[in-house]
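Here are my notes, as a colleague, from a read through this one. Have it open beside you as you go through the points.

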Amino acid sequence: MSLKRALLILVVLVLAVGTIPAGIVANGLLNRALRDQVRESLAMAPELLGARWAATVDVRMMHARDVARTPGLAEALAQRNEAVAVRIVEQTGSAFPEAPVLIGPEEEALIPTDSVPPDLIAATRRGEMPVSVVLDSGSVRVVSLAPVQMGEDWVGAVGGTSTLDGAEAATLAGLSRSDVLILDGVGGVVGASIGDEEASELASALAEVGFTGGVTGLEAGGGAEEIREFTVNEVPYFALVASLSSSRVVFLKNLNRELAVLPLLRRIGLWSVGVTLA
């Protein structure tokens, strides 16, 4: 073997011995960097939820106030003319995406609806315009109310209600670029951006590891719990739970999907090493 060929082989071996461990280290660093990026993205989800909730409160409050000030409504309620009051509310709120709520002078529901918590009605008697998350059996609703007054006298309350369901979960998923579950007060899934079976499996897994909330409500300006990692059917996930009243909104990142680019980056790295050694 010539000296030139021997030196060439020596150089190749040195490069290989030096490059392969470096590649292993680089792969680990790349994996950690991608996971950190996923964490950072997920950590922004509660802020997005808080902003959406604040916007929801403002819109619903203004709508309830505008309906409460509709000409003729206060007079109809004061005169116990329920049919006229109901017609006014239904016509005024027909274009708004929620079911109307109308409370009469005796605090009775004049439009059939799910129950309205007494504390919300009491709040309207104090002149407030509450917007609150209400838990029912197997559902989570948002209820908004505004007082209807004749001068200084309270004659009823009006507003609307809508459920937090799969449509809301899909909207939150689009904003946060994550999978989303909306849970009721006992951990049941009431809305999800993914299939029902997968959502139930994820909710059960979260309950098994004791990760179902324990955070300050966004209605009170609270934040989010730490991001946790868990596995379902051999699929690793990052999860973060934020609260809306007694309900929970779970933001999830499927790590297999989020890190799917890693094998491609590995192949690019190996190709670069091959080019170097060639």
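How many aromatic pairs does the structure hold? I take that up in point 1, and the rest follows by region. Keep in mind throughout that this is a predicted model.

1. **The aromatic pair.** The count is 1 aromatic pair. It is made by Phe230 and Tyr237, whose ring centres sit 5.7 Å apart with the planes at 20 degrees. Planes under 30 degrees apart count as stacked, so this pair is a stacked one. Both partners are worth a look for burial too: Phe230 has 7% relative accessibility and counts as buried, and Tyr237, at 4%, counts as buried as well.

2. **Val241 in β8.** Strand β8 covers residues 235-244, and Val241 is found in it. Is Val241 buried or exposed? Its relative accessible area is 0%, and the cut-off for buried is under 20%, so Val241 is buried. Try drawing the line from Val241 to Pro46: 195 residues separate them in sequence, yet C-alpha to C-alpha they are 8.1 Å apart in space.

3. **Helix α5 and its two faces.** On α5 (residues 118-125), the buried residues are Leu120, Ile121, Ala123 and Thr124. Why do they count as one side of the helix? Because they cover an arc of only 155 degrees around the axis, they lie on the same side of α5. The general rule for an α-helix is 3.6 residues a turn, so residues three or four places apart point the same way. Turned away from that buried side is a face carrying the exposed residues Pro118 and Asp119.

4. **What α5 packs on, and how it ends.** The buried residues of α5 pack against four strands: β1, β2 (131-136), β3 (139-150) and β4. Just after the helix, check the backbone at Gly127, which takes a positive phi of about 90 degrees.

5. **The largest cavity.** There are 2 cavities of 30 Å³ or more in the structure, and the largest holds about 60 Å³ of space. Its lining is made of His63, Val67, Val89, Gly93, Glu98, Ala99, Pro100, Val158, Gly159 and Gly160. Two or more of these residues come from each of α2 (45-68), β1 (99-103) and β4 (153-163). The largest share is that of β4, with 3 residues. Sorted by class, the lining has 5 nonpolar, 4 polar and 1 charged residues.

6. **The second largest cavity.** About 30 Å³ of space lies in this one. Around it you'll find Ala76, Leu77, Arg80, Asn81, Glu82, Pro105, Glu108 and Leu110. By class that lining has 4 nonpolar, 1 polar and 3 charged residues.

7. **The second largest pocket.** Turning from cavities to pockets, the second largest pocket has a volume of about 220 Å³. It is lined by 16 residues, and the closest to its centre are Arg52, Thr56, Arg60, Leu164 and Glu168. Which elements give two or more residues to this lining? They are α2, β4 and α6 (166-176), with α2 giving the most, 5 residues. The lining residues divide into 9 nonpolar, 3 polar and 4 charged.

8. **Elements to revisit.** If you go back for a second look, I'd start with α2 and β4. Each gives two or more residues to the lining of the largest cavity, and each does so for the second largest pocket. Strand β4 is also one of the elements that the buried residues of α5 pack against.

Methods:
Residues numbered from 1 in each chain as written. Predicted model: local features only at pLDDT ≥ 70, side-chain atom pairs only at ≥ 80, totals over all residues. Heavy atoms only, no water. 1 Å grid on protein atoms, 1.4 Å probe; cavity = no way out; pocket = protein on both sides within 12 Å on 5 of 7 lines; lining within 4 Å. Points joined across faces, edges and corners; volume = space filled by probe spheres on them. Nonpolar A, V, L, I, M, F, W, Y, C, P; charged D, E, K, R; others polar. Buried < 20%, exposed > 50% of the residue type's maximum accessible area, 1.4 Å probe, protein only. Arc of directions from axis to C-beta. Contact = heavy atoms within 4.5 Å. Phe/Tyr/Trp six-rings, centres within 6.5 Å; stacked < 30°, edge-to-face > 60°.
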